[in-house]
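Reader: I've got a new structure open and I'm not sure how to read it. Could you walk me through it, one feature at a time?

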Amino acid sequence: MPRLASALATCALAWTLAPALAAASPQDLFGYGGRTSGLAMTGTSYAEGYEAVFANPAGLGPSRRRQLAIGLAGGGFDLRIDGERAPLTPPRGMTIGFALPIPFGDVLEDRITIGGAFFTPAEALMRGTVRFPAVPQWTVLDRAQVIAIILGLGVDLHGLVDGLHVGVGVSALAQLFGELDVRLDETNAFSSIVELQLVASYAPTAGINYRADAWGLGLSYRHESLSRLDLSVRARDLPIDVPVLNVGGLVQYDPPTVVLEGYWRPIPDLMVVLNVTQRIWDFYPGPQVPTTDMGRNAPAPELSSYPSPRVAVEGMVRDERFELALRGGYAFEPSPAPPARLAPRRTASGEPIATDLVPYRLLDNHRHVLTAGAGITIHVGAAGERLVIDAFGQLHVLQDRTHEIGRADAGAPMVTSGVILYGGWTARVEF
Amino acid sequence: MRRAGAAWLLVLGLASPAAAQSMDTYGMGSRSVALAGAVTADVEDPSANYYNPAGIVRDGQLRILAGWFGAHHELTLDDEDSNVDPVHGLVVGLNVPGNIGDFRFAFGLGVHLNDQRVSRTRTLPRTRPRWELYDNRPHRAYLSTHVAIEPVPWLRFGGGIGFLSYSEVDLRIRGTIDVGAPERGSALEHDVLGNLVTIRFPQVGVQVQPTDWLDFGAVYRGEYALSSDLHAQVGSPDFAGDDAAGLTVGSIYVPAYLELLSASTGAYVPHQLSFGASVRPIPELRIGVELTWLMWSLYRSAIGRTDIDFRIVVPPELGDRIRVPPLTNTQPVPARFSDRVVPRIGVEWRPHASPEVAVDLRGGYFYENSPAPEQADAYNLVDADRHAWSLGAGIELRALRPLLPGSLRFDLHLQYSLLPARAMTKRSPIDPTGDYVAQGHIFAGGLVTEVRFE
């Protein structure tokens, strides 16, 4: 038993030795960049420059100037269970982005732009959490402490179809695989050999948009991105047989996402945006894995997919050297999660065991998201260089939800609710 | 004023996520490695993102670099191969210059990504010999971004802030292990909370160019240590409640509890300070020299601390089947490394240059004295001195307009490192490892292509 326990501990220790790149969720919850985040997390049809790397890499295509952006974003959670505050670490971090038109000549002139979008959380580059199933856990919202690394490439198809752009991108994640072999050494003392590998995994994105003078359409797809922690512990030479232990689980997950969006400018300085975002949660396997190969797994999460409608408006005021933009928007984020409930554990192969019901407190609520923002553009150079400062704020109101079970096994059904405040700014130079 | 303000905003705000061990050992790019890393004074290609970030603003041209790098180790102990794995992967770099009026600035990106993995760690038994500087340290990705400015034509500054993380892990396991049918009958579940907590370190550099033929440079790279803290609990200390754990032997339940606290350092890169100079006595010849001071004496320990609290209530009838071995806590063992100063020299000759094509030949040498002391005690952090010779060549194609308004370069380098024999003599005649001799060779090479837009 002590060797077994030490083995488990050493295995977890080994995980800690690997610095990680990791998953990509703050932008999935709150959007990315100073402009689109104030426009109800839209941007598939109109986003340009570094913001397009996440929203729709096709938006990189029309970029003609180099762009470098930095910013800060942060917020606070006030999530409640039966009126009592449920602690959840608020997201805070730095945004860095760039867009770089490649200055080829001839047929490739004004054709190709590459871009990057990065978000580095202030406190933890990644937070991996796999909880006991009975512990209340905000699986959808508790995904904001992770670094984001996204690269994109956009192509302007001018000359073929003016106004048409296509783009591809990739977000980088890391998954950890490892083995711990515990045995007695030549001195009959406990020893272990740990080998861990942090393996890069990539989630592709692709998009297309078309922009006419007064309107535009965009369509994008982001593939699921996930990060696993998968460690196997083998203990040999012990006085008892110990099963192979699997420690870890799915520590980060963004579902496949399809976005369809259009914008319309009834007058040149006013833009109206309509957006439908469909996250496909049906394939989410849940965070837990069986601790032993033949052990029982947590219940199936049974998440479902619902479309998220969004609307946003941007108005502009300009003179020769300055531009002022005011923005607002609304998004409805339906919860993919069923209520907390008694649910059957599963066999290691995934079959539910009807006689083994356990509490499964995977919490989430519908969210109403109000956003607002403003942007100032200052023309600073004779060659068209610009300094652009954008700021935004978001209010997420969680619609009250009554679950099937209580916080304690014998309690009354619990009610979850809450508010999320999130805001930030970015400053970018275009040159 | 607004222009300068905008540029300084960028300088102050940009940061660089990084993990830099492979660069410290094998260098970055092909030209710079062929010149033995003696390029701090005048580097201007995207490898400046490692060697001196001030160089990314030097020539005002957009540069995109991509290539491949590999290193093969033949390191032995008493002539037996230590099986230090090879390292190979992609190298990517980017220098993006800009002007706002007369104010020149640039930002840059440098990436090294191993082919097979982002990183690897291997924790060996405490007494097993390991090549401390070559076994695990190169197996990490490198990612850096920097900003540089040129306030006057002969002076450049560059820098960024590096990001890494150390880990805090809280692991809990509960349930039972069925001694009779461990695979089928055990009922365990686990809960893991892991944070990779951000740490930051700076990298700053300066280049001074008093004349067209003479350059000076200096760069500072900050220290970082990847520490790891773990708190693991198996069961409940009072053997009760939902978090209890234990063994089942038939109908007998044996409650148990284990708590483990562990802290260790997984990788360490010391403070580094480099001073370099380069001179071009004739336009076709460049000679660079450099000294790098690495403060290895601040390296505390590779062997960490472990505290274990174990409790088990074994009933008398199972006393013969379940025996608890002695468990001892461990304390860090001082590494007792020493600072080292690394001299470097690199020479580049351009035998041919025309409006269409230019050819360069390069050679370099550096010497790294080992910072590790002789391993006379039970632990074995093996290292030896290193002599490294490098050769390289490059060709630049300059007549590619109208498609490419600039040039296309191809650079190749080969590097051979000799680690001369070093005898490790143990104080104790019954040391389980015994005396041994460490030595070896490292073969490295790479091919890089670079697109430069005028």
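Author: Happy to. Let's start with one residue and its surroundings. V57(B), leaving out residues up to four places away in sequence, touches P97(B), R104(B), F105(B), A106(B), A148(B), I149(B), E150(B), R156(B) and G158(B). Keep in mind that this is a predicted model.

Reader: Which core does V57(B) have many contacts in?

Author: The general idea first: in soluble globular proteins, nonpolar side chains tend to be buried together. Here, the largest nonpolar core has 139 residues, and V57(B) is among those with the most contacts inside it, along with V53(A), A117(A), A148(A), A106(B) and A148(B). Strand 1 of chain A, residues 67–81, gives the most to this core, with six residues. There is also a second, separate core of 23 residues, which includes A335(B), A372(B), L419(B) and A438(B).

Reader: How far can I trust the model of chain A, going by its mean pLDDT?

Author: The mean pLDDT of chain A is 87, and 89% of its residues reach 70 or more. Over residues 1–24 of chain A, though, the pLDDT is below 50, even if that stretch has 119 contacts in the model beyond near neighbours in sequence. Where pLDDT is low, the predicted coordinates should not be read in detail.

Reader: How many helices and strands should I look for in chain A, and how many in chain B?

Author: Chain A has three helices and 20 strands, while chain B has five helices and 23 strands. As for burial, 55% of the 431 residues of chain A count as buried, and in chain B buried residues make up 47% of 454. You can also ask how far apart in sequence the touching residues are. Taking contacts between residues at least 6 apart in sequence, 69% of those in chain A join residues at least 24 apart, and the figure for chain B is 71%.

Reader: Which strands pair with strand 23 of chain B?

Author: To read a pairing, look at the direction of the strands and then at the bridges. Strand 2 of chain B (residues 62–77) and strand 23 of chain B (residues 436–453) are antiparallel, paired over 16 bridges. In that pairing, G70(B) has G445(B) as its bridge partner. Strand 22 of chain B, residues 406–424, also runs antiparallel to strand 23, joined to it by 17 bridges. There, G406(B) stands opposite F453(B).

Reader: And where is a hairpin to be found in chain A?

Author: Go to strands 14 and 15 of chain A, which form a hairpin with three residues between them. Strand 14 covers residues 307–318 and strand 15 covers residues 322–333, with nine bridges joining the two in the antiparallel sense. One of the facing pairs is R318(A) and E323(A). On strand 14 you also find P309(A), the bridge partner of V276(A). Strand 13 (residues 270–279) and strand 14 run antiparallel too, joined by nine bridges.

Reader: Is L270(A) buried or exposed, and why?

Author: A residue is exposed when 12 or fewer other C-beta atoms lie within 10 Å of its own. L270(A) has 12 of them within that distance, so L270(A) is exposed. You'll find L270(A) in strand 13 of chain A. Setting aside neighbours within four places in sequence, L270(A) is in contact with R265(A) and G315(A).

Reader: How far apart are the C-alpha atoms of L270(A) and V233(A)?

Author: They are separated by 60 Å, with the two residues 37 apart along the chain.

Terms used
Residues numbered from 1 in each chain as written. Chains lettered and ligands numbered in written order. Predicted model: local features only at pLDDT ≥ 70, side-chain atom pairs only at ≥ 80, totals over all residues. pLDDT = per-residue confidence, 0-100. Contact = placed C-beta atoms within 7 Å. Pairing = 2+ DSSP bridges. Helix = DSSP H or I, 4+ residues; strand = E, 2+ residues; numbered from the N terminus. Buried ≥ 20, exposed ≤ 12 C-beta atoms within 10 Å, placed from the backbone. Core = buried A, V, L, I, M, F, W, Y, C linked by C-beta atoms within 7 Å.
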